[in-house]
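Here is a short tour for anyone meeting a protein model for the first time. Have the sequence and the 3D view ready, and take the stops one by one.

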Amino acid sequence: MAARTLFDKIWDDHVVETLPDGTSILYIDRHLIHEVTSPQAFEGLRLAGRRLRHPERTVAVVDHNVPTSDRSQPIEEADSRNQIETLERNVKEFGVPYFPLLSANQGIVHVVGPEQGISLPGMTIVCGDSHTSTHGALGSLAFGIGTSEVEHVMATQTILQRPAKNMRVSVDGTPGAGVSAKDIMLAIIGHIGTAGGTGHVIEFAGSAIRGLDMAGRMTICNMAIEAGARAGLVAPDETTFDYVRNRPFAPKGEGFDQAVAYWKTLASDEGAHFDREVTLRAEDIGPTLTWGTSPETVLAITDTVPDPAQETDEAVKAQMQRMLDYMGLEAGQKIAGTPVDVVFIGSCTNSRIEDLRMAAQIAAGRKVAPGVRAMIVPGSGNVKRQAEEEGLDRIFLDAGFEWREAGCSMCLGMNPDRLTPGQRCASTSNRNFEGRQGPGGRTHLLSPAMAAAAAVTGCLTDVRELA
Amino acid sequence: MEKFVTLSAIAAALPEANIDTDKIIPARFLKTTQRTGLGKHAFDAMRYLPDGTENPDFVLNQQPWRKAEILVTYDNLGCGSSREHAPWALLDFGIRCVIAPSFADIFFNNCFKNGILPIRLPREVCDELMGDAQMGSNARLTVDLPRQVVIRPNGEEVPFEIDAFRKHLLLEGLDDIGQTLKHESNITTYEKRRDQEKSWLPTIHFD
Ligand code: SF4
């Protein structure tokens, strides 16, 4: 058989049938659902008199709408409460396993899946949410789908798809001080652009990627979608197997050994064809952040804000100026030293225990700068509990951070955690679009360590100065 | 999805071009959890006065068009966003067929997904059908999908074009799901093999 990529292997393994027009019926191993994109899909099933083909291959959580404050209080916003209550009725009626709001396991769908061993290597995983690419860190083919497709998966446990093209992004070398997975991924997006991965599934490879823990790999794959890719992948290896072993829903004993034997066959073959290859050197990447309203507008923290006058393309020039105006920045100014109002450490990109440890290291023994609101929002109830066991909550609380309940929180303006117009936020989330964190809000995407550094200094800061 | 074979129903004329998805269903109604129930907000801005009462001048508030199942408009019907809420709102109101000289792409596709037949006919023909649609209780058109004709009250037959595959889906009442389920035996075969080869794959049950 011809040499195949990791993507090719998972794809081939899940094709039920390829139709004459080239579309494949692709089998879905795991379907994750949440309160925002599922209600009409459930209703569609109900109207057609259909059931879920495999409720036991499906898991539901609430995350987007949930408040991250005191959970003993009822949810105030009526629309949000309704979406949550609707999900609760639906999972009951259709028999779908569900982590309710008050479950210790509740959290952001893309944190909960891997954490529980619900998402495993070699699987096909879908969810009505674009950041489903996160689960690709395990070496699974994971992508976001629309509401009609959610219903299709519910009814058939399959999806209609055409194969993607293969792209490989290799990062070799050893990252320098203050550089984590987030910096690497921002640098990659800055390099290939937000359309760089269009039509492709990106396999992340190279020694710097191999050297990342699973949380770091999830950060990378999470943002594959920000590079335009359909999905991100990292080949499963010993780091993966160690992570998966003993997760609540992972296979156990002999089953686990069989699974590992299979997972080991998935790595891209020597000489497999990639339609596009990109290589970066880890040593070239410093602590990185965004300055504009697209994830590709990245800078090293030591850089100055770019000047539209240097651009020849009029459309690009105008767009840059619009971004500068929206962000309240001047061309040519040093990005470091820009004051921030809010610091948000959380989201499916950077809310795992490893992320919180990185932030705590910077926060320890320091104080949040006066006038800055700094929030830590763990990705799941389990992350929160573990952090408390490790005493991270004390470090954050002593420093003046808010220590909140798990959810999407300030990643998007769908729950009460929102920026007000003009507020500048150092955020570990994944999208800096206009209004993403609240109307008029200004977002700088950066790593948990850089976010913590901004919190304690009150401005965008080179984390290496605090090490 | 409900089959679409022949439809003999009241037709309403909305002699406007560029009726966008926001006009069909305003953005503030998208926070719903339902596909149904949007009918009362269909054409909200045209249908209701600022105080919330019905606008008596709007055709869908008048007899017999309150029961219209066919809508005839001018060019570029359904332009704007990709929201599936637009066809959901029409369907919930009772509309099963929309006729216009041209449609926005995504809206056109979304109609088929939801069992609504969109028919492209030249502007002059739409004018004639609009005339028919203004004949009060005689404002009845018949859409015969198998024969691909619209039959006017005077008995004249107006032929229309439709993609054979889409015609088939509508006639059979098949959505994508229905199509895929035709391959169900292959899905079952795949599952048997999968369960054998990957017996370690966990299923999810909470106590
Ligand atoms: S944390 Fe943000 S990006 Fe992730 S699922 Fe929630 S809203 Fe989407």
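Helices here are DSSP runs of H or I with at least four residues, numbered from the N terminus. Keep in mind as you look around that this is a predicted model.

**A buried aspartate**

With that definition in hand, find helix α12 of chain A, which covers residues 353-363 and holds A:Asp355. Does A:Asp355 have a salt bridge, or has it no salt bridge? A:Asp355 has none, although it is buried. A:Arg352 offers the nearest side chain of opposite charge, at 4.5 Å. A salt bridge needs a side-chain nitrogen of Lys or Arg within 4 Å of a carboxyl oxygen of Asp or Glu, so this pair is not counted as one. The side chain of A:Asp355 does reach another partner: the backbone nitrogen of A:Ser351, at 3.1 Å.

**An exposed alanine**

Now move to the loop of chain A between β14 (298-300) and α11 (314-327), where A:Ala309 sits. Is A:Ala309 buried or exposed? A:Ala309 counts as exposed because its relative accessible area is 57%. From the C-alpha of A:Ala309 to that of A:Met320 the distance is 9.5 Å in space, and the two residues are 11 apart in sequence.

**Cysteines without a partner**

How many disulfides does the structure hold over all chains? The count is zero. Two cysteines of chain A show how far away the nearest cysteine sulfur can be:

| Cysteine | Nearest cysteine sulfur | Distance |
|---|---|---|
| A:Cys127 | A:Cys348 | 9.8 Å |
| A:Cys221 | A:Cys348 | 12 Å |

A:Cys127 counts as buried because its relative accessibility is 0%. A:Cys221 is likewise buried, with a relative accessibility of 0%.

**Around the ligand**

A:Cys348 turns up again among the residues around the ligand. Other members of this group include A:His64, A:His110, A:His131, A:Asp129 and A:Arg436. Which classes make up the shell around the ligand? Five of its residues are nonpolar, five are polar and two are charged.

**A look at chain B**

Finally, turn to chain B, which has eight helices and seven strands. Its C-alpha trace spans about 65 × 45 × 25 Å along the principal axes. Chain B has 207 residues, and 53% of them count as buried.

Notes:
Residues numbered from 1 in each chain as written. Chains lettered and ligands numbered in written order. Predicted model: local features only at pLDDT ≥ 70, side-chain atom pairs only at ≥ 80, totals over all residues. Heavy atoms only, no water. Disulfide = S-S within 2.5 Å. Buried < 20%, exposed > 50% of the residue type's maximum accessible area, 1.4 Å probe, protein only. Near = heavy atom within 4 Å. Nonpolar A, V, L, I, M, F, W, Y, C, P; charged D, E, K, R; others polar. Helix = DSSP H or I, 4+ residues; strand = E, 2+ residues; numbered from the N terminus. Lys, Arg positive; Asp, Glu negative; His and termini not counted. Polar contact = N/O pair within 3.5 Å; in protein donor to acceptor, adjacent residues only side chain to side chain.
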